[in-house]
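The exercises below are to be worked with the sequence and the structure in view. Each task is followed by a solution in steps.

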Amino acid sequence: MTKLVSLKEAVAECVQDEDTLVIEGFTHLICHAAGHEIIRQKKKNLTLARLTPDTVYDQMIEAGVCKKLVFSWAGNPGVGSLHAVRRHTEAKYTERIELEEYSHGGMMTRLQAGSMGQPFGMIQSFNGTDIPKVNPAIKEITCPYTQKKIQTVPALNPDVCVVHVQRADKNGNAQVWGLMGTQKESAFAAKKVIVVAEEIVEASVIRRDPNRTLIPEVIVDCVVHEPWGCHPSFAQGYYDRDNDFYVNWDVISRDSKTYADWLNEFVYSSENHADYMKKLGTKTMERLKAKSRMCEGVDYGY
Amino acid sequence: MDIKPSERMVCRAAEELANKEVVFVGIGLPNVACNLAKETHAPELFMIYESGAVGTLPERLPVSIGDPALVTDSASICSVADIFQCYLQRGNISVGFLSGAQIDRYGNLNTTAIGGDYSNPKVRLPGSGGACEIAIHSKKVFIIMRLNDRAFVEKCDFITSVGRKVGEQTRSQLGCPGAGPVKVITDMCVMDFNDQEEMIVTELFPGVSKEQVQAKCGFKLNFSDKLKELKDPPEGHIRLLRDKLDPKGMYI
């Protein structure tokens with residue numbers, strides 16, 4: 001059965017006000033298009049969770065769709081600060097969001113526990129740090145075999161997970177190569193899964209290389225075809241990270257006026273992601289388009 | 001040849017890396033140092049990035065820990081779960097690099113928040129990321145930070161990553177398997193840690209005095225009896241940095 005819908009339809013159907021949402025990706029395959037569509041649909045009071053909330057969560061915070069951030073590293077990767085995050089968390093500002101903070105290992109373990117149907121996950125990440133002092137959800141147990149102290153974090157089962165992938169079939173079997181972040185853990189942990197793909201391919205293409213399928217159709221609710229949907233993040237084999245964007249973003253996002261202008265031009269005044277890409281222009285796309293590097297492939301015969 | 005302090009930092013850090021060591025690489029100066037070591041005395045240095053790129057051979061200097069150039073030609077790509085569980089927590093990382101906005105005499109680091117209290121900070125920093133795990137589980141940690149008295153403080157506002165000692169508790173009492181920080185490489189001096197688990201200056205950069213170093217540090221420093229002057233790195237290393245590893249001067 002085809003689950004193919006537009007991004008507008010997928011967001012309208014799956015994302016409700018007050019939801020806990022994960023837009024996945026660890027530097028790679030971060031679906032900015034989904035964040036922009038959620039901003040356009042003016043969703044409210046979302047809890048946004050991810051290890052590395054970068055520019056897309058920063059934009060969602062500035063646009064006012066987020067009430068709480070659950071995270072482990074909130075920065076502009078390779079550049080510096082996320083300015084909307086800072087403007088909504090530092091003492092001198094009045095409009096604040098709530099923070100719930102872990103380490104990368106801690107966040108990953110929360111999603112992994114959620115993906116495995118466990119109520120909590122075990123980890124050895126917080127010895128001596130102040131993080132558990134400001135996050136009461138991090139607790140400690142004694143190992144019943146070794147008596148060693150181990151920290152625990154609660155399972156995270158998001159209402160919705162958006163996973164961007166290189167290719168998927170219409171049923172939602174989704175293939176990823178390159179960096180895989182916590183995509184698998186988040187997708188299996190979530191109650192609803194939206195797969196956004198650079199390319200929609202025939203099921204036979206997926207089935208010829210099943211080892212590459214990270215997300216199976218059984219957990220997928222919607223499939224969306226959205227080329228360039230990650231910009232300024234990247235899709236290995238399709239387009240490079242737009243480093244100039246991340247560097248310039250530091251300037252644009254530092255000031256709430258230039259930030260608002262950018263959101264107006266690129267998000268609110270864009271009908272959809274194709275419109276956003278049109279505004280970025282073909283020169284940007286030519287600059288970022290990946291140079292091909294094929295691998296040998298493997299023999300699945302028996 | 002006029003050598004910049006940041007070039008000395010990178011060259012000194014690179015010296016510490018042995019061939020075939022498994023190193024957990026961060027962006028910025030550590031990344032340049034690892035690539036310099038690989039180009040010179042440690043061609044089989046095995047570099048791992050927290051994004052899941054393992055045994056990397058990047059054609060360009062990565063601009064983030066998840067640069068696509070780290071994927072192409074790497075030995076393995078794995079999930080973030082594998083990085084933190086199978087590599088770090090399992091004890092498969094020999095060297096980790098860390099830095100921070102604040103550091104105390106024991107090498108405890110703050111990358112979380114500065115000033116005010118945690119809920120109302122003066123400056124909100126990005127947070128731990130994988131730093132607290134690197135600090136606990138790497139067999140040893142090198143810290144690369146520029147020396148100034150706002151960063152080298154009596155007490156960190158928040159301890160994100162554990163150093164040699166927290167309060168009266170040592171690493172073994174805290175249950176941290178790795179040795180913790182063993183070297184602090186700054187732009188004026190190099191430090192080890194003494195029997196009290198405190199930083200002790202062992203090397204001064206050429207032309208830098210003990211007084212100048214102390215003036216830039218927010219806590220009273222120990223100085224080694226065998227204090228040495230840092231030697232100039234080979235000219236070829238400086239050429240490599242300027243012509244190949246960081247030609248645009250992004251980090252150096």
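**Exercise 1. Strand pairing in chain A**

Identify the bridge partner of Ile123(A) in β9(A), and place the two strands concerned in their sheet.

Solution. The model is a predicted one.
Step 1. Ile123(A) has Gln151(A) as its bridge partner in β9(A).
Step 2. Strand β9 of chain A, residues 149–154, pairs with β7(A) over 4 bridges, in the antiparallel sense.
Step 3. The sheet is open and consists of 3 strands in the order β7-β9-β8 (chain A), with antiparallel pairing. Its edge strands are β7 (120–123) and β8 (139–142) of chain A, each of which pairs on one side only. From one strand to the next, the twist averages 40 degrees.
Step 4. Helix α5 of chain A, residues 104–116, lies across β7 and β9 of chain A and runs at about 145 degrees to β7(A).

**Exercise 2. The domains of chain A**

State into which domains chain A is divided, and how many residues each domain gives to the contact.

Solution.
Step 1. Domain 1 of chain A comprises 7–103 + 157–288, and domain 2 comprises 121–154.
Step 2. The C-alpha centres of domain 1 and domain 2 of chain A are 30 Å apart.
Step 3. Domain 1 of chain A gives 4 residues to the contact, and domain 2 of chain A gives 5 residues. On the side of domain 1 of chain A that touches domain 2 of chain A, the residues are 1 nonpolar, 1 polar and 2 charged.

**Exercise 3. Two helix crossings**

Determine at what angle and with which hand α1 and α2 of chain A cross, then treat α2 and α8 of chain B likewise.

Solution.
Step 1. In chain A, the axes of helix α1 (residues 7–14) and helix α2 (residues 32–40) come within 10 Å, with a crossing angle of roughly 65 degrees. The crossing of α1(A) and α2(A) is right-handed.
Step 2. From α1(A), the residues Leu7(A), Lys8(A) and Val11(A) meet Ala33(A), Ala34(A), Glu37(A) and Ile38(A) of α2(A). This contact of α1(A) with α2(A) has 5 nonpolar and 2 charged residues, and no polar ones.
Step 3. In chain B, helix α2 (residues 29–39) and helix α8 (residues 235–245) have axes that come within 11 Å and cross at roughly 115 degrees. The crossing of α2(B) and α8(B) is right-handed.
Step 4. Val32(B), Asn35(B), Leu36(B) and Glu39(B) of α2(B) meet His237(B), Leu240(B), Leu241(B) and Leu245(B) of α8(B). By class, the contact of α2(B) with α8(B) holds 5 nonpolar, 2 polar and 1 charged residues.

**Exercise 4. The contact between the chains**

Establish how many residues each chain gives to the contact, and which element of chain B gives the most to its side.

Solution.
Step 1. The model scores ipTM 0.96 and pTM 0.97. Chain B has a mean pLDDT of 95, with 100% of its residues at 70 or more.
Step 2. Chain B gives 44 residues to the contact and chain A gives 45 residues.
Step 3. On the side of chain B that touches chain A, at least two residues come from each of α3 (68–71), α4 (80–89), β9 (120–124) and α5 (131–137) of chain B. The element that gives the most to this side is β9(B), with 5 residues. The side of chain B that touches chain A divides into 22 nonpolar, 17 polar and 5 charged residues.
Step 4. Strand β8 of chain B, residues 113–117, runs antiparallel to β9(B) and is joined to it by 4 bridges. The hairpin from β8(B) to β9(B) passes through 2 residues. Gly116(B) has Pro121(B) as its bridge partner in β9(B).

**Exercise 5. Backbone geometry in two loops**

Is the peptide bond from His231(A) to Pro232(A) cis or trans, and is phi of Thr27(A) positive or negative?

Solution.
Step 1. The bond from His231(A) to Pro232(A) is cis, and its omega is near 10 degrees. Pro232(A) is placed in the loop between β14 (222–225) and α9 (243–254) of chain A.
Step 2. Thr27(A), a residue other than glycine, has a positive phi, near 65 degrees. Thr27(A) belongs to the loop between β1 (20–23) and α2 of chain A.

Definitions and conventions: Residues numbered from 1 in each chain as written. Chains lettered and ligands numbered in written order. Predicted model: local features only at pLDDT ≥ 70, side-chain atom pairs only at ≥ 80, totals over all residues. Pairing = 2+ DSSP bridges. Axes fitted to C-alpha atoms, helices over the stretch in contact; angles between N-to-C directions. Contact = placed C-beta atoms within 7 Å. pLDDT = per-residue confidence, 0-100. Nonpolar A, V, L, I, M, F, W, Y, C, P; charged D, E, K, R; others polar. Domains from an automatic or database assignment. Left-handed = near helix turned anticlockwise from the far one by under 90°.
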